[in-house]
Amino acid sequence: MKKPGLGAVFTILLLLSSGFAQSGNVLRFCLRSEPKTFNPLLVEEDSSDTIRYLTGGVLIRVNRDTQKLEPGLATSWKVSKDGRTITFTLRHKLKFSDDTLFSAADVAYTIQQMMDPSLHSPVGDSFRSGDGKTETKILSSEKVAITFPAPIAGLDRLFDQVAIMSAKSPRKEMAVLGPYYIAENKAGSYLVLRRNPNYWKHDASDRPLPYVDTVRLDIQQNRDLELLRFLRGEIDFVNSIDAEYFDKVTTEKPALAHDAGPSLDSEHMWFNQVPSSPIPDYKKAWFRSTSFRRAVSEAINREDLARVAFRGHARPAVGIFSPANQFWFNNKLQPHPFDQKSALSRLQQDGFKMQSGVLRDRAGHEVEFSIITNAGNKYRERMATMIQQDLAGIGMKVNVVTLDFPSLIERITRNFNYEACLLGLVNTDLDPASIMNVWLSSAENHQWNPNQKTPATPWEAEIDRLMKAQASTLNDHKRKQYFDRVQEIAWEQEPFIYLVTKNGLSAVSASIQNARPVVLRPQVFWNIDQLVAEKR
Amino acid sequence: MNWPRTLAVGFLLTLALMCGLAAFIAPSGYAHQFRDIPSAPPSHQHWLGTDDLGRDRLSRLLYGTRVSLLLAPGAALLSSLLAAIIGATAGFLGGWIQRVVMAATDLFLSLPWLFLLITVRALMPLNVSPVFSVVITFAMLGCLGWAAAARVVCADARALSNSDFILLARASGASGFRLLRRHLLPNLMPLIFAQFWISIPVFILAEANLGILGLGVAEPLPSWGSLLRELESYSSISSSPWQFAPLLLLIAVVSCFHLVITDRELPA
């Protein structure tokens, strides 16, 4: 009898593995809270955003790895020269998960819903460029043009957040065009998503995607338990973990820990420069002084903050955007160096004097201020304590105060009764248009001195001008020139003293294939339709 | 001889002595950050290792114990005094005064004290030194911890006011103040004393709880609360059992206080 050859064995193994990849496999991970909505236009928090990403079909997708745009439900698109109109050419003969046909009418319906002021859609807010109505024109069943009242910078990127809803389906938002649909929802406990049989994407060998049949999402608020479950093999990945948990995974199962490098999230501190704040005038004068802020910045050892407070899973921060933002980051800028001599020299030029180890201003006031941060965040508490010791090196006395979050927000947004604050910024969008609400002097989130009627300083006026210019220009390279200058001014003036940029950390089970964690959300499952999970 | 009590007193005295001499016996300052060796395991230089900022754990434990052991009795004294004044007066006077005071006490007891502490802490001035912050924290605990004890004192004072020897004293013409000072308070002292001893471990634990919430003693001053925060996370403790030292010390101290209290309560 003829024995089977190596080729035959290999073929059988290949067939087995392809079957293995495609049948009965389940991907499990945790949501930190219950999704507040399944309506993709009303998404505000992380859990709902996860559901939208897994179930929603979008016209254009931002590739989380390359950070470039890729066709989704639209095969092509074109933005008009005036930046107000975008025309999409849609894929043929697509169906929602409930078998209703997809057409340009669904796009028009979604846009109409999104821009309806009575819905208060957070997604729609990004598109509200000016007074007037958004018009949608169905050019054919596969072509649709959307015209906004005013030009929108980075218009095409914004469609990554717009999951198309069916105009006709009785199942409304439960009829989806994404890789999965919601099959079961046990409130407060778990969600089960099943593979959408009508999903449009196929792999290189024309096999329908996604590979994984079922995604089970357990609601798990406790991060300790989430990590324990991961280490016990009960869930397949932890999308974003902090430095301590990462070290724990590295110690126990080093192959499962993934550090994707600097993320978009940064930690920073700022001084209160609000003219009406109830703090002494001499302190307001310190905080308004660029030399004072630069001196504080130079006296902080950022390398130590990253190494000690974040156990090496962070980098000294540079400025508004981190190097993770490949296109918009200004490569000419470097983190401020740790140099206490230079810091003292700046302070002396500003009239400060060191007397018996205590720094005093021109009028003889001892330099003492408090830094507030939110209680319970151990990384921020560690950083504040380290900054306290660093600044003692230049004779400054710092009092660290941890407050519960509502009290902290009350102080930094309403009564402005604080001196310095240490918090973090979570950037989810790569485009500078998304941070207009922070950098315009009239903005509510212009935290060091919000809601200014006219810019308080010449450099804030310059930032206002540049931010408005970049927002009204459609040429990306021109926009980058404007925004590079904004980053330089922010680096020179340091209204925000950027401290560290956290690394994107995650843990992925060895049973998951094709996982390539990145720094953009959703870090691990951004390529959900490509992931392969072992059959359980 | 009551040897467990003797042992407990001996332990507490030794600990108090060690903490009193912390400046001389601690290997380094409680705030000094050895940033090259954060989260280090025990070594010759650092017997209990270093914390996540590289601070010597043993030094922080000694100074932290000093803070908690000094101020918890202070807070207990404050709350016991308040309880004695309010409870004894209400119990002695009786009638509508007692009813009003006890209703106010019940209202005070029903307050969510943790949220009250958080609110009071949030309203405090920001620029206070760590030493001042720890004094304020314990003073707040003392001011908020009198109500339960006042109820007990009031009940006892009421019972004593109706007793034969008080009636006899009253019949012999003793004034209200004299009755309170010479007859009632001396008989309430064992109870007030027991309340004082009971409060000490309660306040130590309350400060530890506040510390775990990040609302206790300000950095860099250590207290048991801030030291126990290291045990918050499963990931950090499972590989570093020496982090349990403050917890073990807290259990030992609270147990010793209870041994001392039990012994003092029995004769009363």
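1. Does A:Phe29 count as buried or exposed? A:Phe29 has 24 C-beta neighbours inside 10 Å, so this residue counts as buried; the cut-off for that class is 20 or more. The model discussed here is a predicted one.

2. A:Phe29 belongs to strand β1 of chain A. Leaving out residues up to four places away in sequence, A:Phe29 touches A:Leu217, A:Ile235, A:Asp236, A:Phe237 and A:Asn239. A further pair to look at is A:Phe29 and A:Asp213: the two are 184 residues apart in sequence, and their C-alpha atoms are 14 Å apart in space.

3. Strand β1 (26-31) of chain A also appears in the surroundings of helix α2(A), since it is one of the elements that the buried residues of the helix pack against. The others are β8 (180-186), β9 (190-195) and β10 (214-219) of chain A. Helix α2 covers residues 46-55 of chain A and is mostly covered, with 7 of its 10 residues buried. These are A:Ser48, A:Thr50, A:Ile51, A:Arg52, A:Tyr53, A:Leu54 and A:Thr55.

4. Between β1 and α2 of chain A there is a loop, and A:Leu42 is found in it. A:Leu42 has 19 C-beta neighbours inside 10 Å and therefore counts as partly exposed; a residue needs 20 or more to be buried. Apart from neighbours within four places in sequence, A:Leu42 is in contact with A:Thr37, A:Ser121 and A:Pro122. A:Glu303 lies 261 residues from A:Leu42 along the chain, and the C-alpha atoms of the two are separated by 40 Å.

5. Now chain A as a whole. Its secondary structure comes to 16 helices and 21 strands. The C-alpha trace spans about 95 × 60 × 40 Å along the principal axes. For 536 residues, a compact globule would have a radius of gyration near 24 Å; the value for chain A is 26 Å, which agrees.

6. Buried residues make up 47% of the 536 residues in chain A. Of the contacts in chain A with a separation of 6 or more, 67% are between residues 24 or more positions apart.

7. How many residues does each chain give to the contact between chain A and chain B? Chain B gives 23 residues and chain A gives 29. On the side of chain B that touches chain A, the elements giving two or more residues are α5 (113-123) and α11 (234-237) of chain B. The largest share, 3 residues, comes from α11(B). By class, this side of chain B has 11 nonpolar, 9 polar and 3 charged residues.

8. Helix α8 (residues 164-171) of chain B has 8 residues, and the number buried is 0, so the helix lies largely in the open. After α8(B) comes B:Gly173, which has a positive phi, near 95°.

9. A remark on confidence. The average pLDDT of chain A is 92, and 95% of the residues score at least 70. Among the elements of chain A, helix α9 (residues 290-299) has the highest mean pLDDT, 98, and helix α1 (residues 6-22) the lowest, 45. Over residues 9-23 of chain A the pLDDT is below 50, and this stretch has 7 contacts in the model beyond near neighbours in sequence.

Key. Residues numbered from 1 in each chain as written. Chains lettered and ligands numbered in written order. Predicted model: local features only at pLDDT ≥ 70, side-chain atom pairs only at ≥ 80, totals over all residues. Helix = DSSP H or I, 4+ residues; strand = E, 2+ residues; numbered from the N terminus. Rg over C-alpha atoms; globule rule 2.2 N^0.38 Å. Buried ≥ 20, exposed ≤ 12 C-beta atoms within 10 Å, placed from the backbone. Contact = placed C-beta atoms within 7 Å. Nonpolar A, V, L, I, M, F, W, Y, C, P; charged D, E, K, R; others polar. pLDDT = per-residue confidence, 0-100.
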